[in-house]
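Reader: Please take one loop of this model and look at it closely. Then follow the chain outward from there and tell me what its surroundings are like.

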Amino acid sequence: MHHWEVVMATAEGMVFDIQRYALHDGAGIRTLVFLKGCPLRCAWCHNPEGQQKRPQVLRYENGTEKIAGRRMRVDEVLREVEKDTIFYDESGGGVTFSGGDPLVQPGFLLELLKACKGHDLRTAVETSGYARWEDVAPVAPYVDLWLYDLKLMDPERHRRWTGVSNRRILSNLEQLAASGAHVIVRIPLVPGVNDDRQNLEATGRFVASLGSVGEVHLLPYHRAGMSKYERLGVDYTLGDTPEPAAEAMERLAAILQEWGVRTKIGG
Amino acid sequence: MSERVAELRRRSVEAQASVSSERARLMTEFYKSARGLSAPMLRARAFEYLLAHKAIVIQDGELIVGERGPAPKASPTYPELCCHTVEDLELLNSREKIPYAVDAVTTAFYEQEAIPFWRGRSLRDQIFAAMTPEWLAAYDAGIFTEFMEQRAPGHTAGGGQNFRRGFLDYKREVEEQLERLDYLRDPEAYAKQEELRAMSVTCDAIIRFAERHAELARELAAKEAEGARRQELLQIAEVCSRVPAHAPRTFWEGLQAYWFIHLGVITELNTWDAFNPGRLDQHLYPLYRQDIDAGRLTEEQAKELLECFWVKFNNQPAPPKVGVTNAESGTYTDFANINSGGLMPDGSDGVNELSYLVLDVIDEMRLLQPSSNVQISKKTPDRFLRHALRIVRKGWGQPSIFNADAVVQELLRQGKTPEDAREGGTSGCVEAGAFGKEAYILTGYFNLVKILELTLHDGLDPRTGRQLGPHTGDPREFADFDALIEAYAQQMRYFLDVKIRGNHQIERLYATQMPAPFLSVITEDCIKKGKDYNDGGPRYNTSYIQGVGIGTLTDSLSAIKRHVYDERGMTMKELLGVLGRDFADADDVRSRLMEETPRYGNDDDYADDIMRRMFDLFQSGVDGRPNTKGGTYRIDMLPTTCHVYFGSVTGATPEGRHAWQPVSEGISPVQGADRNGPTAVVKSMAKMDHIRTGGTLLNMKFIPQVLEGDENLEKLLHLVRAYFRMDGHHIQFNVVSAETLRAAQLHPEDYRDLIVRVAGYSDYFCDLSRALQDEIIARTEHASF
């Protein structure tokens, strides 16, 4: 096996789940590695157990408990990920780091990515983009595909719905795009939050101005994560928000397409 | 679908299965009058008598003709093998699921003539009389089943010769062999003479049978006004006068020739897995090509003929069973399983235009029978597999998917030539065989979980309190896990010996009393050897024992290893106590055993290594042992519906299964135990060495959303390809949500047409027993992440 560089196989980080046969997070059959911690607090988040850096307890209806979050070493993660190598070979798949936001653990993420590349695996990173550029730049050479969330274009509205400004998110995206990285922009479309024409117009204009962004994926809001809130003892504030209808999704996609942006509904 | 096909299909689907006494009457008449015939000649003359006297059926609109009974879905009985009792007939007539209508005349005939004549004479009665007390005790306890107690060895499929030769050709070959017999030096010459003469009689009989159809078609044509149907009837007459006496010259003749052969095989005896045309697309293709090129046939017409052919299979429900076996396998399906794709005998890709047409037929017809599968080799184009998966995605379980390269390797390992292996495929559920050249007889299911229960009780069956197996020690005193496995191995070897000794006797009974001269004619080397299909005539003669419950066995042992021997959080005594009371007041222990045990199906070597060890034990206990026909024993890992029966005789197990619940099916994980998704499942399954079996069966259940869209379908394709790269033998899918299945349980009237994959076959969900329905619902549902 050819190792590009020395990998810190013993570097540790906090992982809250590893899912195999993931279908919606990059090409082919993929394994999703969920890293813990996220700087954002989106009301619609479907992985709320990944938000905090420390382990969180999920209490199930039948009284059992599960702890989300355990420390894993790079080589342990790799061992799990490599179990599906034959499926990556067959399908052009690979590993996708998700979260939380994996950039919350930049050192761990970097070592994981280096290790993956050393083992000739294809990589993807799913991120909110909210990170210091100094943390993004070092990992970028090891990322084959960025799945980059763009929730709201208006800084104020962004702050209101996610808790943080989108300034860094936009500038990181600009820099990544300028560097020629392969990026897919993903927009979780939440009715009443970001499904207005104005936001999509602004998104279209912005994305169209970026060089290497391949396409935009519109992800319709769904309530699948709702039960996790109860298990965490956290309020779910979007309780009666409807899941968007297929026609509405088509309409919103059309707005982006007006800007010449390749748009797909679903991941 | 043409109007004609729609109408034929509708009539077939709506027809009520019934028991016909026609065959039983003719057979009884014949046996009463037969004198002084050798066994092969007796069987040949009986075959001739049946075909000469049975009612000939040609229905409105049919293009392919011939029925086994006097009407579609009128199933004959085989009293010379097993004679129904009056109670059996009443049960068949009145039961809620899988009923067969029985009229009063039939019951009266059975009561007055069939039962008095066949009692003690039927092969079934002779088999049970011949078995040892140990065999009978193990059989009663549900340690194994016996396939041949009421159905004849079949388990084979037709070869290419069925589409290339006529029965006049076969007859000539038989005559030549008769000429060559050396009565002075060959001590078997007389036996061979009788067998060959019998074969010759059956050749004439099948030709005459076809001619009777030609005569009826001409009669019907004469009554028909000038028009299209009259022309069709005249054409049918021409076809039936030509085949199967001669080799077929056209696509239509090819299908009709095969259908007469099929009827011959399933009329001669009630062979297991009915029979099937083998590599239909490959054998029919030359006829198809010629007809198309000559402008005699359009693709539409070819499809219509195929669809008429499909209906004929659906018209033949499985012969109704007798006694306890009814509970083991409740289905109308008779397991004729049509192969498409695969390899040509020369090793090139076997997919042709007809292969795609066959897939379209499967899709349009949506019939329980025939069952269908695709054979996928590394040479098979993705588009063929994709086409098949698009049908699979519709959710009714067909076609199932086989690894042609693995099948070939399995057959090569057993000593077949590459050409014979490649012309082979899979029949029944998942069983590999060299089509047209091999008798590969499944002899019975073997309850791997019950063996563990006996091991944990020093050979005693706790259900009945009977000491069935050898004393292998008190498990509370075993020093370690290896001691437990060693005791298991001793129990298993003992019961395999009991089973195989019984098998040998049964093989001899069939060889000497129930030869099948007609099936022998069309199975290669029987004529050359002058030997019967049931007596080592075929080129290859294999006997199988099918292991059931490897998932439950593995998880049970994993639980014992983890909790009793590795972590020592529980003693064997405690565990046995809890199992003995079926986890009463021990929910916490049960949940610990279920949740804190490494389970098979999760790509976890702790459990999977145990599976491998137990597989090796079973495989090496059977593989390579001789049968009485010059062939050897092999194993299959498939359950049909026997995992429900085996579960019903087996108490609580250490992985948390309650007493009497189904055990795991095929090589699949315990229902609900696999939690790491489909890639982990197939990785675990691939740790078994499939090449050392003659077939394994893996069921996977997906909710429909996971397979929506082209991209997801592509990922399923990659999943299948990866499994096959790891030498997986077979995979099949249910694409239906548990929610839908539960709704169907509540409102069966709204879900009459819901078809699901059971084991190696599909069936109407509402026709399944409640236990089997629940078992399918409990299988892990792979959802999207």
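**A loop and its surroundings**

Author: The loop between helix 29 and strand 14 of chain B is where Asp727(B) is found. Keep in mind throughout that this is a predicted model. Asp727(B) has a phi near 75 degrees, which is a positive value in a residue other than glycine. Is Asp727(B) buried or partly exposed? With 27% relative accessibility, Asp727(B) counts as partly exposed, because the buried class takes in residues under 20% and the exposed class those over 50%.

Chain B has another residue to set beside this one. Phe335(B) is not a glycine either, and its phi is positive, at about 70 degrees. Phe335(B) also sits in a loop, between helix 14 (325-328) and strand 3 (337-341) of chain B. Its relative accessible area is 5%, so Phe335(B) is buried, whereas Asp727(B) is partly exposed.

Now go back to the first loop and take the side of helix 29. This leads to the other chain. How many residues of chain B are in contact with chain A? There are 22, and they meet 17 residues of chain A. Between the two chains an area of about 1,900 Å² is buried, and carbon and sulfur atoms give 57% of that area. The polar side of this interface can be counted as well. There are 9 residue pairs in polar contact between chain B and chain A, both residues being at pLDDT 80 or more. The interface also has 4 salt bridges. One of the salt bridges joins the side chains of Arg725(B) and Glu90(A), with 3.1 Å from N to O. Two elements of chain B give two or more residues to the side that touches chain A, namely helix 28 (677-686) and helix 29 (709-725). Of the elements on that side, helix 29 of chain B gives the most, with 9 residues.

The other end of the loop leads to strand 14 of chain B. This strand has a part in covering a helix. In helix 31 (residues 770-778) of chain B, the buried residues are Leu772(B), Gln773(B), Glu775(B), Ile776(B) and Ile777(B). Strand 14 (730-735) is among the elements that cover them, and so are helix 27 (642-648), strand 13 (699-702), helix 30 (738-746) and strand 15 (755-757) of chain B.

Elsewhere in chain B there is an open sheet. Its 3 strands come in the order 8-11-12, and the pairing is parallel. Strand 8 (438-447) and strand 12 (632-636) of chain B are at the edges with a single partner strand each, so one side of each has no neighbour in the sheet. From one strand to the next the twist averages 30 degrees. Strand 8 and strand 11 (residues 540-548) of chain B are joined by 8 bridges in the parallel sense. Two of the facing pairs can be named: Ala439(B) is opposite Asn541(B), and Phe446(B) is opposite Gly547(B). Being at the edge of the sheet does not leave strand 8 of chain B open, for 10 of its 10 residues are buried.

Across the interface, chain A has an open sheet of its own. Its 9 strands follow the order 5-1-2-6-7-8-9-10-11, with mixed pairing. Strand 5 (70-73) and strand 11 (263-265) of chain A are the edge strands, each pairing on one side only. Here too the twist averages 30 degrees from one strand to the next. Inside this sheet, strand 6 and strand 7 (residues 123-127) of chain A pair in the parallel sense over 3 bridges, and Phe97(A) stands opposite Val125(A) in strand 7. Helix 9 (residues 246-258) of chain A packs on the sheet, where it touches strand 9 (183-189), strand 10 (213-220) and strand 11. The direction of helix 9 makes about 160 degrees with that of strand 10 of chain A.

Two further loops deserve a look for their peptide bonds. Gly99(A) and Gly100(A) are joined by a cis peptide bond, with omega about 15 degrees. Gly100(A) belongs to the loop between strand 6 (94-98) and helix 3 (106-118) of chain A. In chain B, the bond from Gln369(B) to Pro370(B) is cis, and omega is near -5 degrees. Pro370(B) has its place in the loop between helix 15 (353-365) and strand 4 (371-376) of chain B.

How values were computed. Residues numbered from 1 in each chain as written. Chains lettered and ligands numbered in written order. Heavy atoms only, no water. Pairing = 2+ DSSP bridges. Helix = DSSP H or I, 4+ residues; strand = E, 2+ residues; numbered from the N terminus. Axes fitted to C-alpha atoms, helices over the stretch in contact; angles between N-to-C directions. Buried < 20%, exposed > 50% of the residue type's maximum accessible area, 1.4 Å probe, protein only. Contact = heavy atoms within 4.5 Å. Buried area = accessible area lost by both parts, 1.4 Å probe. Polar contact = N/O pair within 3.5 Å; in protein donor to acceptor, adjacent residues only side chain to side chain.
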